[in-house]
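Visitor: I am in my first year and still learning to read protein models. Could you take me slowly through the pockets here, and then through the helices that help to form them?

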Amino acid sequence: MLERPAHTDAVKTGRVIWFTGLSGAGKSTLAAALHAELEARGTAVELLDGDAVRENLSKGLGFSRQDRDTNVRRIAFVAGLLAKHGVTVLVSAISPYADTRREVLADLPNTLEVFVDAPLEVVTARDVKGLYLKAIAGEIQHFTGVSDPYEAPQTPDLYLRTDEISVEEGLRRLLQALGEA
């Protein structure tokens, strides 16, 4: 029979930093900057980007409320597994519905909800694929922030207005909020 080595150090619980906001607000940009900084500091860190998760874990889901909620719950499930093993998990996902965000964040350890905000005209200007213009013209249905709602957090742990601050300033504020400044 194999013996397991005794561990005197308890496994440190990780944390989940949940970036929410409209498409083009800067969630992925800020999450990537934080990921690079934490990784450089030797932190066990993973990035769960909404687009990548939708392609690899939630393929086949549409954009109904039920499908969006299912996608957010799947992301939260993976984030929780990683955090349970000491990983700092950065989630970058629109996650448009406030009650679903509250539900998943309540079940995750050491969470920080980050509302990444920019006005519709700014995210439309940043949209290299032209999806906002198509949604505004009625060519795309169920587009968050145009024909589908985005319910902004009322009391996020951190509020970053990306049309008013640089990525560097956003990173500084994130590190400060995490006690890593």
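Guide: What follows goes through the two largest pockets in turn, and after each one through a helix contact that involves a helix from its lining.

Please keep in mind throughout that this is a predicted model, and let us begin with the largest pocket, which has a volume of about 1,100 Å³. It is lined by 38 residues, and those closest to the centre of the pocket are Ser23, Gly24, Lys27, Asp51 and Ile94. If you sort the lining by the class of its residues, you find 16 that are nonpolar, 14 that are polar and eight that are charged. Several helices take part in this lining, since at least two residues each are supplied by helix H1 (27–40), helix H2 (50–56), H3 and helix H6 (131–136).

One of these helices, H1, also meets helix H7 (residues 167–177), and the axes of the two come within 10 Å and cross at roughly 60°. An angle between 35 and 65 degrees counts as oblique, and H1 and H7 are therefore oblique to each other. The crossing of H1 past H7 is right-handed. On the H1 side the contact is made by Thr29, Leu30, Ala33, Leu34, Glu37 and Leu38, while H7 brings Val167, Gly170, Leu171, Leu174 and Leu175. Eight residues of this contact between H1 and H7 are nonpolar, two are polar and one is charged.

We can now turn to the second largest pocket, which holds about 150 Å³ of space. Its lining consists of Ala98, Arg101, Arg102, Leu105, Thr111, Glu113, Ala152, Pro153, Gln154, Thr155 and Asp157. Two elements, H4 and strand S4 (111–117), give two or more residues to this lining, and the largest share, four residues, comes from H4. By class, the lining of the second largest pocket divides into four nonpolar, three polar and four charged residues.

H4 leads us back to H3, a helix already named in the lining of the largest pocket. The axes of H3 (residues 65–84) and H4 (residues 98–106) come within 10 Å and cross at roughly 20°. Because angles under 35 degrees count as roughly parallel, H3 is described as roughly parallel to H4. The crossing of H3 and H4 is right-handed. In this contact H3 uses Arg65, Asp69, Val72, Arg73 and Ala76, and H4 uses Asp99, Thr100, Glu103 and Val104. Sorted by class, the residues where H3 touches H4 comprise three nonpolar, one polar and five charged.

Conventions
Residues are numbered from 1 along each chain as its sequence is written. This is a predicted model: local features need pLDDT of at least 70, side-chain atom pairs count only at pLDDT 80 or more; totals for chains, interfaces and linings use all residues. Side-chain values use heavy atoms; hydrogens and water are left out. Axes are lines fitted to C-alpha atoms, for helices over the stretch in contact, and angles run from 0 to 180 degrees between N-to-C directions. Angles under 35 degrees count as roughly parallel, over 145 as roughly antiparallel, 65 to 115 as roughly perpendicular and the rest as oblique. A crossing is left-handed if the near helix is turned anticlockwise from the far one by less than a right angle, and right-handed if clockwise. Contact means heavy atoms within 4.5 Å. Ala, Val, Leu, Ile, Met, Phe, Trp, Tyr, Cys and Pro count as nonpolar, Asp, Glu, Lys and Arg as charged, and the others, Gly among them, as polar. On a 1 Å grid over the protein atoms alone, a cavity is a set of points where a 1.4 Å probe fits but cannot get out, and a pocket is an open set with protein on both sides within 12 Å along at least five of seven lines; lining residues have an atom within 4 Å of a point. Grid points are joined across faces, edges and corners, and a volume is the space filled by probe spheres set on the points.
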